Each structure stands twice: as C-alpha cells, then as structure tokens.
Number of protein chains: 2
Amino acid sequence: MSTPTIRPPVAISLARSRRTVIRLHPDDNVVVACYDLTAGDRLDSESLTTIDPIPSGHKVATRAISAGSSVIRYGQFIGLARTDIAPGAHVHTHNLDYVEVDHAAQFGVDARPTQFVEKPATFLGIRRADGRVATRNFIGLVSSVNCSATVVRAIADYFRRDLNPAALADFPNVDGVVPLTHGNGCAVDPNGLGLQVLQRTLRGYAQHVNFAGVIVIGLGCETNQVEDLVEVDLSGLDRPVASFNTQDVGGTRQAVARGIELVKSMLPQANDVYREEVPASELIVGLQCGGSDGYSGITANPALGAAVDRLVRNGGTAILSETPEIYGAEHLLARRASSPEVGQKLLDRMAWWLDYAECMGAELNNNPSAGNKKGGLTTVLEKSLGGVAKGGTTALMEVYEYAQAVTTRGFVFMDTPGFDPVSATGQVAGGANLIAFTTGRGSAYGCQPTPSLKLSTNNELWLRQSEDIDINCGEIVNGYATVDELGEQIFQRMLTCASGESSKSELFGYGQNEFVPWQLSAVM
Amino acid sequence: MSTPTIRPPVAISLARSRRTVIRLHPDDNVVVACYDLTAGDRLDSESLTTIDPIPSGHKVATRAISAGSSVIRYGQFIGLARTDIAPGAHVHTHNLDYVEVDHAAQFGVDARPTQFVEKPATFLGIRRADGRVATRNFIGLVSSVNCSATVVRAIADYFRRDLNPAALADFPNVDGVVPLTHGNGCAVDPNGLGLQVLQRTLRGYAQHVNFAGVIVIGLGCETNQVEDLVEVDLSGLDRPVASFNTQDVGGTRQAVARGIELVKSMLPQANDVYREEVPASELIVGLQCGGSDGYSGITANPALGAAVDRLVRNGGTAILSETPEIYGAEHLLARRASSPEVGQKLLDRMAWWLDYAECMGAELNNNPSAGNKKGGLTTVLEKSLGGVAKGGTTALMEVYEYAQAVTTRGFVFMDTPGFDPVSATGQVAGGANLIAFTTGRGSAYGCQPTPSLKLSTNNELWLRQSEDIDINCGEIVNGYATVDELGEQIFQRMLTCASGESSKSELFGYGQNEFVPWQLSAVM
Ligand SMILES: [Ca+2]
Ligand SMILES: [Ca+2]
Ligand SMILES: [Ca+2]
Ligand SMILES: [Ca+2]
Ligand SMILES: [Ca+2]
C-alpha cells in the first residue's frame, strides 16, 4: 500500500445498506459490522442476534469461541480467544490476543491441500514455441542504463499507434513496442546485490512471455554491460533477440535508426501469432494494492482473495508481495506454507528487511494505530492480513526473491517493496502475465507488457474515477454483492482480460513509465 | 566518470603528432609525454632535453625540483619530491611521494585571490523579473511520484514539436515542455533524508530560472505530497505555478486535459521574453565527466578547467561534483578553500560518503591501478585530480549538499554521486543554467531545461560520434591545440550556447529521460 497509514473504516455506514454485516470468508467465526449495531440487533444473513453493541467496522462472533481457541477472519487464524466468547458478542482487544508461539513448529499447520476443479476454466492465450502462454504480444526494448533511455524511447515512439499509426498498421497482432527505461545501470558496485537485482529484473523482462522479440540497448561504457545481459541468459530464447550499444554504432542518430530497423525486422514474425483456448493454469497473476483505505481489507482485498482461490483451484498461479506491508503477519502466512523450508524462506526475507531497514535508518512498523483500533482492527496480524487477504486461503507453495522466475504453480510469495511500480516490476520480471491491483484512493497504475486490472474498494472511488478502474468492489459494503460473488466476477474478468480484452489502463497507454526496477545499490 | 576504472593512456602515440609533451598548466613543473621518449630527446616547447627514457603518458620534470619540494601538475600540488629531480628527468613512483600532513592546517594554503577581468564577457540571456538570468525558456511539469508519470508525459507529448508542431507554433520563444518524471515519491520514510533530498531536488527544478512556468502534478495519496512541495517553496516565485492531483480531478483523462489547458494558459506569458546582453557572471556551469578514458585527465578535463578559470575571472560560477570520484584528492581541493569552514565542509561530505559506502557494503577506492601506474599516474591524488582538473585552479568558494541552491559565485563544489544523470540533476536543481560534460567513451547525455555541451577527450571519438559531441579536445594530444587554446574555445562556446545556440544533444531532444533524482531512501 502506498499510503503510510491505513485509515480506519469510519465511513462504512452507508444509508442505503442492505446488509448489517460483511462475511469475509465461509470459514470465519467473526463477521464485520457495516454500521454501528446495538445489542439485540438481528443479523439475518448469519441467523444471529448481537449481545453487545458493535461499532461500525468491528467484529461480531458468529459462533461460540471457547477460551484459548482460534479466532478466524479471512478464513485465517488472527489470534486466540482470551475468554469464552458467545455468539453475537463483540470481539476486540478485550477478548482477543495474539499469543507468541513457537513459530517454526507452526509451519504448515494451516496448509490445506488444494481442491482442484474437475473441469478447469480456459482463456484465449498465445502459446509460444517453448510452451509458455502469453496474454499480450509486444516487442520489448530493454535499456541497460539510463544513458540509453533517450535512444530507447525514440525507437518506441516511432511505433506508437497514437503518434505514428502507419508503423504498425500491417501488424495488428502486435500490441506495441515497450520502452523499458530506468535511472540506474552505472556507478554501482559491479559485485554488489544492487546490480544483481537490476540484472535479474532486466533479464526477467527480456525473457517475458508477452514479448515476441526483444532488443537490449546500451550506451557502451556502463557497469551493467549489454553483453552480460544478452549472451548468458537470452541466447536460448525462442524469439529474436538483438542488442547493440550506441557507442558501437556511431552515436544517437545511428542507434535510433538501427533500433527502428531491428524492430521492423521482427514485426512479421511477431505478428504471426493467434489466440487459442488454453487452461487457466497458464495464468500467473501478480497481486498489488496501492492507495489503500479503510475498505481495502473488507472489500477489494478479500474479493481478490476469493478470485485467487478460484484461480489456484483451476491450477493457476498468484503472487503475493509487498513484504514490508505484511510485517507481523509473516508467521500466519508461514502457517500456510507447503513445507518448513518454504515457511523458513518467508521468515528469512522478513529478517532481511528488518536488517535492511535498520541499516537505512527506516522502520518496519505495521502496528495498528489508535485510529485502526477504533476502526475495529485488533492486532497487527489483522491489519497485515487486510493486505494478505488478496492472496486467498490456499497453501503457500513457494517464496521467491525479487524478480526471480516463478516456476511453481499455486499461491506463492515474492519478496518486494510495497511501492506499487517497484513491486509489480518484480512480479512481471518473475513472469506475471496479469496484474490485479486493488485501490481505495484511486491509483491510476498500468503496466506493459502485462495488463493490469484495477479494483476499487469503495463506491465513491468508482463513481469518481471509473475510467481508471475495471471492477468496483464497493458494493460489498452496502450489501449489493458478497465477497464471494465479486471473487467470481474478478476471476471471470481475469480470463477475459488475459484473452485480450483491454483493461482500463491499457486504453490510456499506461505502462511506458511504470517500469521501476528496485534500486538497492548505493549510487556512487 | 561512469566507468569503474580509468584506462591507461596507452594509445597516446599518434603518428602525426606535432608535439612531444603536453603542458597542462603554466605553473606546472612537470609535463606529460605524448609518446615514448628516449633520453636525449629535445622538447622544443619546453626548451629542454630529456635525461631519462619517458614512457608515453608519463611525467618529465621541466625545472629542477629539490628534495622535499612540491611537484605541480594541473597548476596544483600532487606530492613532494623524494629526491632532487633534475630538469628532463622522469618523475614517477621512484622519486615522487604523497606525504600525509596535517590537512586542517593546510585549508586554504592554495587559495589565490581571483584575478577578475576588467571587462567581463557577455552573452544573450533572458532576464527574469527576479533578476536571475535564463539560458533557455521552458515550461516544467514536475511529478511528485512515479504514479503521476504517465499523466505528466502525456501532457508533455502534446507539446512536442516533433509530434504535434501546431501546439507551440504561435510561441517561438518557448523551447518546450519538460516532463520531470521519476521512479520515487512514495513508500519512503516521511521523515528520512531520502525524501528530503527528493523534495529539495523537485523544488530546485520547480524554481529553476530556465522555466517560465511550472505545474506540479501528483496522484494524491503519495508520501511526497504536492501541497508540501508547492505551498512552502513556490508561492513567492515570479512565474505561474499550478498544481493538481489526478485523484482530485477525476482520473487520468481529466488530469491530462487539465495539464494541457494549464500549459496553454501559461504560453502567452512564457513566450513574452527576449534575450539581452548580460555579463558572463550570470552563468552557473555544472561540470561533468562520463565515460572517461586515459585522455580525460590530459585533454578535455584540463581544457574545461582552463575555461572555468576564464569563467570565474569573468565573475561566473562553476560547480564541481562527483564526490566519490575525487576520493583521495579532497585534501588538495581543501587547500584551495576560501575559508577553513569551506574546507571542513568538503572533508565532512567525504566522511559522509565513507560511512554511507560502508553501510551499503560498497567501497570508495580511487587508487591508481597497475594499469594506471603503467600509464603514468603516480598517486591517487594525481588520478583524482584528472577529474578535479575540470574545476580549474581558482579558490573553492563554497561547498553545497546535493540539489542545494548555489548562491555563491566563483568555483564551488556540490556533493553528488558520480553517475552522470544523478549528478547533473543535483547541479540543475541547484541552479546550473549550463552543463559542460567531458567524455572519452562517447556519452550521449543531454539535459532539460539546462543545455549541456559535450567535450570529447580524443580524436577517435570525435571522428566516430561528432553528431553527439560539441567540441573536440583530442587535438591537444597531437599538438594541433593547447590546453589553454581549447579553454578559450570552450569558454566562447559556453557563451554562444547560453545565448541560445543549440548544443548537439538538444538537436536530438535529449533531456526528457535524464531527470534522475538521487535516491537515498530505502524503498519500502
Ligand atoms: Ca500495498
Ligand atoms: Ca503497493
Ligand atoms: Ca522509467
Ligand atoms: Ca566522472
Ligand atoms: Ca560522471
């Protein structure tokens, strides 16, 4: 989430609400009040009567929860009952604790075997020669260093349909040419982690299934040499890969001309693709939230989680990320790990962040604020789980470092910062062929070569900024849709978007400025 | 210098050389061999005969230097003679030492009072209402966060003369609209140094004299709030300043339309400017080198230094930077400090870099390599002085932090990384209205709103890539020009460029991708 603090969901009370409480998952033994409830209020959807006043956004027990047993929200453990809790009672800091336990011993205790669907859903994808499936069909221009950014963008501009429609007129199956420019690539430790991460990111893009051809373009004298990027990693690709340095071809004018000619030479083959029915298991969806608000954790995030559960049951892959934002909930995620090794990897990444933040003089702190608690969030777990809710409830199959190739199917984690463009850049480098992005404040994020669906957490945003948003999840609050219904709607929209239907951000041409590799190195 | 190592100047021997040695400064008691000399070779330009073999790139004593006295290169102390050195003798590791001394006691010992010219040179500048003088006349679009980059670029694209010539057709005095986009602005410590430096950089651009109008554009929910940038710092400017957030105007489409209308509203006033004769003292020149080679320290850098000495004697300002690349020579620069405080500030910045590098697991190390020594560089001072040579020989008047407003005239230092776009971004934020950039390998750097002159260190580069380079300094090696002659040529070209004559990089439209604020914060 791009905002430093999550607003309490004080605005949940909507006059026209058709519902009193929101159920976030069928397994939950608490539900969330849509507005201020009094003792004795009837909750028809839960066949239950409240026995305490329940403030808007706070939790009501739906079943008897005995002292010492688990409280479940988002289908997941959020703490232990301190006392016996009766159905209809208020559940908050007075009767709910997070008890420190032996975390390692709990690896995998919540990992349930995936219930795969019998007949998987399908979409219309582009199957490449190596068997991977693309959702879009671009040509990529990878810059090794900021010093080749202007050349790269001049080449890409030549092929922009809005500026020079003739250039791609004969190639309707080519979605465009993506300039992957950035501010790094030189004056860094040649043996340091920062350059490794940058190179892994650039290689991930160069190998991305949504590219039908790739050109790697450098200046020539940079630390991050084009030769290192191309020769080792791209030589085995099933696509045209070209590369050159501006200094080797005689300067800017020649470099731009060379790049345009190379793209032209790739267009006939790039255009020679067709979409065919492929199983949903070919989807790799990067999960994001940016500009969160008090609704994120009860509308769009759990709805996306419900879609992810469907995706995983169809054999697909979803990547949760944004490590600093799950601080406090990493142990809960580790309870879903498919093996102790996977659980430990997640904890190791969080330990790395703690060290890194200390070294950088920053803080990892996701504790609920006074406002959060007033809004109904009891523990740091619950707050972080508002973000984790995007990942649904299935077992955590693998943990990846930033921009590592995602090869395990199912629900996985990739360590990234929380900042949206940096996080999504890592996921796309890892192979994501779709992004699903929740927003409460109104992010206008978009991506290339991977399309990005945006989900609003509240109706006000949808009314204000629907040209930038694909699906409204605000209807959950006033009872016109359930989390599960929106989960199904989102899953279906994933399939149509993957099949070629444009997301809103694609209509505006987003994605030419949102390639932002994680910068870890000191710039010297 | 963008390259991690400096190549030894092994290729100095050119068949057609008219000269045997290069004199880098009139005060020097050593000169540099243009090719391998034998004992007994006559050096006409120095009225001297060698008494040792002198390898290409190595130093020859031109006067008797007694043991314990100073060896002078670039007009500056580079060490003490270990033995008596006779005229014509080879000066290298066998008879030249850098002796550690009490650095603080030496603050200012080399600070000579500036000999101002009687009749300062002039150029044709645009004088703003506040008295400052512009060299170009742009409208600037400052993005607070990556999340507004696509909106900012769409607005700028609308006004690009190569894409939409009608948009600025009625405004010939407006040089264009600059999109200042970047990959930062959110998910950072709101109280940290990183955000402070980013905000200082953005404010520096928003206040830059070369902008006739500025629009600050955000998304809305970012850490780096547009309001903070605008209200405090820009309200007193003598120009139109507007700002808005995409989230506040209804989304992407409305934000782009709003931005285009705002630019249009600023164009008549922006176009209402004229150039008038102003003194060279109004020039603030950022000094850069990128893609250095073995010639940098004996051709383009000292030639630029000779131009800077002229600029300073005319009352102008030159900013030396790239702190990591002067490591080892900071004490020499401090000998030129105008006061002990200024000298101490420089040493403090270097101490900061040592701490920072250690924390980041990187290394500050500019020691001459074996290849450097073979090429004739004796000490770390001499190597770092190859970069410092760009700054000429006048007193160091002030030391600035990154992107701080440069208000002291004369030769000053600004602490920046060595990476060209990051370093130049800091200088422009500080007010540089001209950049002078030396390159041996063939950088294609360009900047907006500040024009950048590029100087080649060798003839081969000039022959290969002259479309990207403004002035060739390679002629110094084969004797067709002296350092001093090229210094005069560069100074005159500074004046014509400042007067509106395009630099090479401007002809290619460089500068729309080279705004790269120094990223110091951890991205969370
Ligand atoms: Ca987030
Ligand atoms: Ca985020
Ligand atoms: Ca970029
Ligand atoms: Ca340099
Ligand atoms: Ca540099």
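Trainee: What makes residues 1–15 of chain A a stretch to read with care?
Mentor: This is a predicted model. pLDDT is the predictor's confidence in each residue, from 0 to 100. Over residues 1–15 of chain A it stays under 50. The model still has 52 contacts beyond four places in sequence for that stretch.

Trainee: What is the mean pLDDT of chain A?
Mentor: The mean is 92. Of the residues in chain A, 95% reach 70 or more.

Trainee: Why is A:A403 called buried?
Mentor: Buried means under 20% relative accessible area. A:A403 has 4%, so the word applies. The residue sits in the loop between β19 (396–400) and β20 (410–414) of chain A. Its phi is near 70°, a positive value in a residue other than glycine.

Trainee: And what makes B:A403 buried?
Mentor: Its relative accessible area is 3%. The cut-off is 20%, so B:A403 is buried. Its phi is near 70°. B:A403 lies in the loop between β19 (396–400) and β20 (410–414) of chain B.

Trainee: Which peptide bond leading into A:P449 is cis, and what is its omega?
Mentor: The bond runs from A:Q448 to A:P449, with omega near 5°. A:P449 is in the loop between β21 (434–439) and β22 (452–456) of chain A. In chain B, the bond from B:Q448 to B:P449 is cis, also with omega near 5°.

Trainee: How do you know that a two-fold axis relates the chains?
Mentor: Chain B can be laid on chain A by a turn of 180° and a shift of 0.0 Å along the axis. The RMSD is 0.1 Å. That is the relation of a two-fold axis.

Trainee: Why do we say the copies meet through the same surface?
Mentor: Because 100% of the interface residues of chain B are also interface residues in chain A.

Trainee: Which residues touch the most other members of the largest nonpolar core?
Mentor: Among them are A:C473, A:I490, B:I155 and B:F159. This core has 144 residues. Leaving aside neighbours within four places in sequence, B:F159 is in contact with residues including B:A167, B:V263 and B:L267. Apart from that core lies another, of 117 residues, among them B:L198 and B:A481.

Trainee: What makes β11 and β16 of chain B edge strands?
Mentor: Each pairs on one side only. The open sheet has the order β11-β10-β16 (chain B), with antiparallel pairing.

Trainee: How do you know that β10 and β11 of chain B pair?
Mentor: Pairing takes at least two bridges. Two bridges join these strands, so they pair. The bridge partner of B:I126 in β11(B) is B:A134.

Terms used:
Residues numbered from 1 in each chain as written. Chains lettered and ligands numbered in written order. Predicted model: local features only at pLDDT ≥ 70, side-chain atom pairs only at ≥ 80, totals over all residues. Heavy atoms only, no water. Least-squares fit on C-alpha atoms with pLDDT ≥ 70 in both. Contact = heavy atoms within 4.5 Å. Core = buried A, V, L, I, M, F, W, Y, C linked by side-chain atoms within 4.5 Å. Buried < 20%, exposed > 50% of the residue type's maximum accessible area, 1.4 Å probe, protein only. Helix = DSSP H or I, 4+ residues; strand = E, 2+ residues; numbered from the N terminus.
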